[in-house]
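Here are some short exercises to work through with the coordinates open. Try each one yourself before you read the solution.

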Amino acid sequence: MVDPSPGRGPVVEADGISKRFGATVALSDAGISVAPGESHALVGRNGAGKSTLVSILTGLQQPDTGTLRFHGEPAPAPGDTDAWRSRVACVYQRSTIIPGLTVAENLFLDRQSTGALRPISWKRLRHRASDLLAEYGVDVDPAARAEDLTVEQRQFVEIARALSFGARFIILDEPTAKLDARGIERLFDKLRALQRQGVAFLFISHHLQEVYELCGTVTVYRDARHIVTAPVAELGQEALVEAMTGESPRGGEPAWSVTCGTSALAPLLEVSGLSLDGAYHDVTLTVHAGEVVGLAGAAASGNVRLGETLAGLRRPRSGTVTVAGRPVRTGHVPDALAAGIGFVPEDRHLQGLVPDRSVAENATLTVTDQLGPFGMVLPSRTRAFAERMIAGLGIKTPGASASVSDLSGGNQQKVVIARALATRPHVLVAVRPTNGVDVKSKEALLGAVRGVADSGKSALIVSDELDDLRVCDRVLVMFHGRVVAEFPHGWSDERLVAAMEGMPGLNDTKESDASHH
Ligand SMILES: Nc1ncnc2c1ncn2[C@@H]1O[C@H](COP(=O)(O)OP(=O)(O)OP(=O)(O)O)[C@@H](O)[C@H]1O
């Protein structure tokens, strides 16, 4: 095995890389070079080609043209997994940890065993796992089942596993997408510590402030091409966005931050005394027609569980949900849909999309009854419907009949939103709707959510992302299962974050009466 030690040229150098998928050009004469110990960001809009580059740098896909070198040496042969893993580690957008197995099993089961014929000693396995976790400073019990870990712990286990094959270069594809503010801080601390040990990383994120916080160098891709590579300190945020979009940023506030204040119109969603064991307790809130309300909270606050309850995915122990004056049977997705609750789930992979079906079918799954007589789905109508959605939300796809699994992550998220909007819901409940979505598309998606309210319906955005919450007319903050504060439009970031972290003393909002609006 080649010693992948640093000091012999860039840890990775890709040149003239092109890759096509049918008619789609995913990469065109693109390149990247990462120096030993460097923190390098790769940014670009949804569909720019970032994930395709990752799959080429990790040996999962072959480029059509171009060269790839690690430490000055040609890339390993395709399929030589061990050789690839000793040069480049990767933590993907989707977790590769198997939930039903223990941490130790996840760390060791898929590698070449040193004594293939010897039976596995569980004790030894756990021992080795605990050494490995300690080496990377990961405080997780090797005997714990992976499904019992937090998102953050799972990610640390993935990082430790990825690096344990010997690579000094790690690719992180949107690692912060599912973490809350504290989790992100701890992840960054970990990455900085690894960097001090000489590990280089390529960091993909749609959150530009993270790029400024963590990275020394940034590369921008746009429409399958390399646009610029520069020291982060030399590229201002405007120049960065311009490189990503190819346009000068518009002056002033983004259109979607315009709000119309609390509406005097009728309540469209009324939640009363809702409790779900282990998640939230006695939550009462009202959302009026014309309003976008934020339901903020950190990972364990219960806000996501509450959103899922409204969508019928969880059955509360007590309490009632009323939409447009009519009680909704809780714990049933079809009843929630029929009552007029549209839902954008947190995890599009688990709850959102049918991977093998087309963009058109996925966008219209909730409205098949409107697409033809007697429950028949007419392909022409499905298509027309989907094409309106594709145009309206700027979904980047070769066409309505393309398979949704071939879309980039951010574009898949837009399909999920299109589907929720397709029912013309009274209340759109959206959990972290802009997760994984680029800067410009974020505007379009939040604009679409805002549009639901402006057309006389309402929306509830369940999120801890300040950008998501900024479009809201008011924000309710949950902490440990209770609504602890309410902020009218115009809140300060610090105060809202403090409330989400359980320090409502730092804000000047009404507390216990927060829900009676
Ligand atoms: N397996 C595939 N089959 C067909 N098209 C694909 C496939 N993989 C990617 N593409 C297309 O290649 C282009 C680049 O996609 P890629 O996933 O690399 O973008 P990305 O920059 O990672 O986007 P995002 O930020 O949304 O994750 C997109 O137009 C996508 O639809």
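**Exercise 1. A helix by length and surroundings**

What should the 14 residues of α14 span at 1.5 Å a residue, and how far apart are its end C-alpha atoms? Then work out whether α14 is enclosed or open, and look at what follows it.

Solution. Keep in mind that this is a predicted model.
- Step 1: the expected span counts one less than the number of residues, times 1.5 Å. For the 14 residues of α14 that should come to 20 Å.
- Step 2: the end C-alpha atoms of α14 lie 20 Å apart, which agrees with the expected span.
- Step 3: a residue counts as buried once 20 or more other C-beta atoms lie within 10 Å of its own. In α14, 14 of the 14 residues are buried, so the helix is largely enclosed by the rest of the structure.
- Step 4: after α14 comes Arg424, and its phi is positive, near 50°.

**Exercise 2. The shell around the ligand**

How many residues surround the ligand, and which are the closest? Sort the shell by residue character and find the elements that each supply at least two of its residues.

Solution.
- Step 1: the ligand is surrounded by 19 residues, and the closest are Phe21, Asn46, Ser51, Ser408 and Gly410.
- Step 2: by character, the shell splits into 4 nonpolar, 11 polar and 4 charged residues.
- Step 3: at least two residues of the shell come from each of β2 (24-34), α1 (50-57) and α14 (409-422). That brings back α14, the helix whose 14 residues are buried.

**Exercise 3. The hairpin that leads into β2**

In which sense do β1 and β2 pair, and over how many bridges? Find the residue with a positive phi in their hairpin, then the one in β2 itself.

Solution.
- Step 1: strand β1 (residues 12-21) pairs with β2 in the antiparallel sense, over 7 bridges. Within this pair, Ile17 is opposite Ala30 of β2.
- Step 2: the hairpin has 2 residues between the strands, and Gly22 takes a positive phi near 55°.
- Step 3: Asp29 sits in strand β2. Its phi is also positive, about 50°, although Asp29 is not a glycine.
- Step 4: Asp29 has 14 other C-beta atoms within 10 Å, so it is partly exposed.
- Step 5: for another case, go to the loop between β4 (65-70) and β5 (73-74), where His71 is found. His71 has a positive phi of about 50° without being a glycine, but it has 20 C-beta neighbours inside 10 Å and so counts as buried.

**Exercise 4. The sheet around β18**

What is the strand order of the open sheet that contains β18? Locate its edges, then trace the partners of β18.

Solution.
- Step 1: the 6 strands run in the order β16-β17-β18-β13-β19-β20, with mixed pairing.
- Step 2: β16 (341-344) and β20 (482-488) each have a single partner strand, so one side of each is left without a neighbour in the sheet.
- Step 3: neighbouring strands here are turned by 20° against each other on average, direction ignored.
- Step 4: β16 and β17 run parallel and are joined by 4 bridges; Val344 has Ala430 of β17 as its bridge partner.
- Step 5: β17 (residues 427-431) joins β18 through 5 bridges, again in parallel. One bridge pairs Val431 with Val462 of β18. From β17 the chain passes through helix α15 (residues 439-454) to β18, a right-handed β-α-β crossover.
- Step 6: β13 (residues 292-296) also runs parallel to β18, with 4 bridges, and Val292 is opposite Ala459.
- Step 7: in β18 (residues 458-462), 5 of the 5 residues are buried, so the strand is largely enclosed by the rest of the structure. Ser458, Leu460 and Val462 point one way, while Ala459 and Ile461 point the other way.

**Exercise 5. A second open sheet**

Which strands stand at the edges of the sheet that holds β6 and β10?

Solution.
- Step 1: its 6 strands have the order β6-β7-β8-β3-β9-β10, and the pairing is mixed.
- Step 2: the edges are β6 (89-91) and β10 (225-231), each pairing on one side only.
- Step 3: the average turn between neighbouring strands of this sheet is 15°, direction ignored.
- Step 4: inside the sheet, β7 (residues 169-173) and β8 (residues 200-204) pair in the parallel sense over 5 bridges, with Phe201 of β8 as the bridge partner of Ile170.

Terms used
Residues numbered from 1 in each chain as written. Predicted model: local features only at pLDDT ≥ 70, side-chain atom pairs only at ≥ 80, totals over all residues. Near = placed C-beta within 6 Å. Nonpolar A, V, L, I, M, F, W, Y, C, P; charged D, E, K, R; others polar. Buried ≥ 20, exposed ≤ 12 C-beta atoms within 10 Å, placed from the backbone. Pairing = 2+ DSSP bridges. Right-handed = clockwise from strand over helix to strand, strands pointing away. Axes fitted to C-alpha atoms, helices over the stretch in contact; angles between N-to-C directions.
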